[in-house]
Amino acid sequence: MNAHLSSALTPALAANKRLVADYYARVWNARNAAALQDFVADDYVQHNPAVPNGRAPLQSFLEGLFVNLPEAEFSVARLVAEGDLVIAHCLFRAHPADAGTAVVDLYRVAEGRLVEHWDVKEAVPAQSANGNPMV
């Protein structure tokens with residue numbers, strides 16, 4: 001088996017997963033946009049078309065989001081790390097009664113900071129043909 005396909009969690013991969021888990025807890029779920037400085041590089045590259053590049057624009061975006069959605073929360077279902085990437089499979093809820101949105105975030109990590117981000121999202125439907133949860 002190739003080394004990059006190994007399921008062994010190295011200390012670096014564990015640290016990257018911890019970084020992402022703490023990012024959701026301390027920034028998103030604590031609604032603390034100022035804590036971005038502990039997690040996100042100044043020159044953060046953003047692939048979500050609604051948010052410009054850089055930590056400062058992300059902070060501005062989050063500050064507005066936290067005002068408009070004061071009960072919003074991410075529940076992280078799983079984190080997968082390989083190389084310098086961490087994939088987070090999450091459920092985002094705007095408020096406790098919200099069925100939510102299934103989200104897959106992909107982060108590139110360098111020197112202990114999130115440096116690049118991609119995401120895909122899908123609303124959780126009221127009914128599913130297979131009965132399986134999305135997250």
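Two strands count as paired when DSSP finds at least two bridges between them. With that in mind, welcome to this predicted model, and let us start with one such bridge: aspartate 105 has aspartate 119 in E5 as its bridge partner.

## The sheet

Aspartate 105 belongs to a pair of strands, E4 and E5, that run antiparallel and are joined by 10 bridges. Two residues lie between the strands in the hairpin of E4 and E5. One of the residues to look at here is glutamate 111, which sits in the loop between E4 and E5. Glutamate 111 has a positive phi of about 50°, although it is not a glycine. Is glutamate 111 buried or exposed? With a relative accessible area of 83%, glutamate 111 is exposed.

Stepping back, E4 and E5 belong to an open sheet of five strands with mixed pairing, in the order E1-E5-E4-E3-E2. At the edges stand strand E1 (40-46) and strand E2 (73-82), each of which pairs on one side only. From one strand to the next, the twist averages 25°.

At the E1 edge, the pairing is with E5: these strands run parallel and are joined by three bridges. Valine 45, for example, has glutamate 116 in E5 as its bridge partner.

At the other edge, E2 pairs with strand E3 (residues 85-93) in the antiparallel sense, over nine bridges. Alanine 81 has valine 86 in E3 as its bridge partner, while glutamate 73 stands opposite arginine 93 in E3. E2 and E3 also form a hairpin with two residues between them, and in its turn glycine 83 has a positive phi of about 60°.

Here are the strand pairs described above, side by side.

| Strand pair | Sense | Bridges |
|---|---|---|
| E1 and E5 | parallel | three |
| E4 and E5 | antiparallel | 10 |
| E2 and E3 | antiparallel | nine |

## The helix on the sheet

Which helix packs on this sheet? Helix H1 (residues 11-29) does, touching E1, E2, E3, strand E4 (101-110) and strand E5 (113-123). The direction of H1 makes about 165° with that of E2.

In the loop between H1 and E1 you will find arginine 31. Its phi is near 55°, a positive value in a residue other than glycine. Arginine 31 is partly exposed, with a relative accessible area of 29%.

## Aromatic contacts between helix and strand

The model holds eight aromatic pairs. How is the pair of tyrosine 24 and phenylalanine 74 arranged? The ring centres of tyrosine 24 and phenylalanine 74 are 5.0 Å apart and the planes are at 50°, so this pair is tilted. Because tyrosine 24 lies in helix H1 and phenylalanine 74 in strand E2, the pair ties together parts that are 50 residues apart in sequence. Tyrosine 24 counts as buried, at 1% relative accessibility. Phenylalanine 74 is also buried, with a relative accessible area of 9%.

Phenylalanine 74 has another ring partner, tryptophan 28, and here too the centres lie 5.0 Å apart. Why is this pair called edge-to-face? The planes of tryptophan 28 and phenylalanine 74 are at 80°, and planes over 60 degrees apart count as edge-to-face. Tryptophan 28 lies in helix H1 and phenylalanine 74 in strand E2, so this pair ties together parts that are 46 residues apart in sequence. Tryptophan 28 counts as buried, at 13% relative accessibility.

These three residues are part of one aromatic cluster, which is formed by Tyr23, Tyr24, Trp28, Phe39, Phe66, Phe74, Phe92 and Tyr107.

## The largest pocket

Two members of the cluster turn up again at the pocket. About 330 Å³ of space lies in the largest pocket. Which residues are the closest to its centre? Of the 21 residues that line the largest pocket, they are Trp28, Asn48, Phe74, Asp119 and Lys121. Asp119 is the residue that opened this report, as the bridge partner of aspartate 105.

Several elements share the lining of the largest pocket: H1, E1, helix H2 (55-68), E4 and E5 each supply at least two residues. E4 gives the largest share of the lining, four residues.

Technical notes
Residues numbered from 1 in each chain as written. Predicted model: local features only at pLDDT ≥ 70, side-chain atom pairs only at ≥ 80, totals over all residues. Heavy atoms only, no water. Axes fitted to C-alpha atoms, helices over the stretch in contact; angles between N-to-C directions. Contact = heavy atoms within 4.5 Å. Phe/Tyr/Trp six-rings, centres within 6.5 Å; stacked < 30°, edge-to-face > 60°. Buried < 20%, exposed > 50% of the residue type's maximum accessible area, 1.4 Å probe, protein only. 1 Å grid on protein atoms, 1.4 Å probe; cavity = no way out; pocket = protein on both sides within 12 Å on 5 of 7 lines; lining within 4 Å. Points joined across faces, edges and corners; volume = space filled by probe spheres on them.
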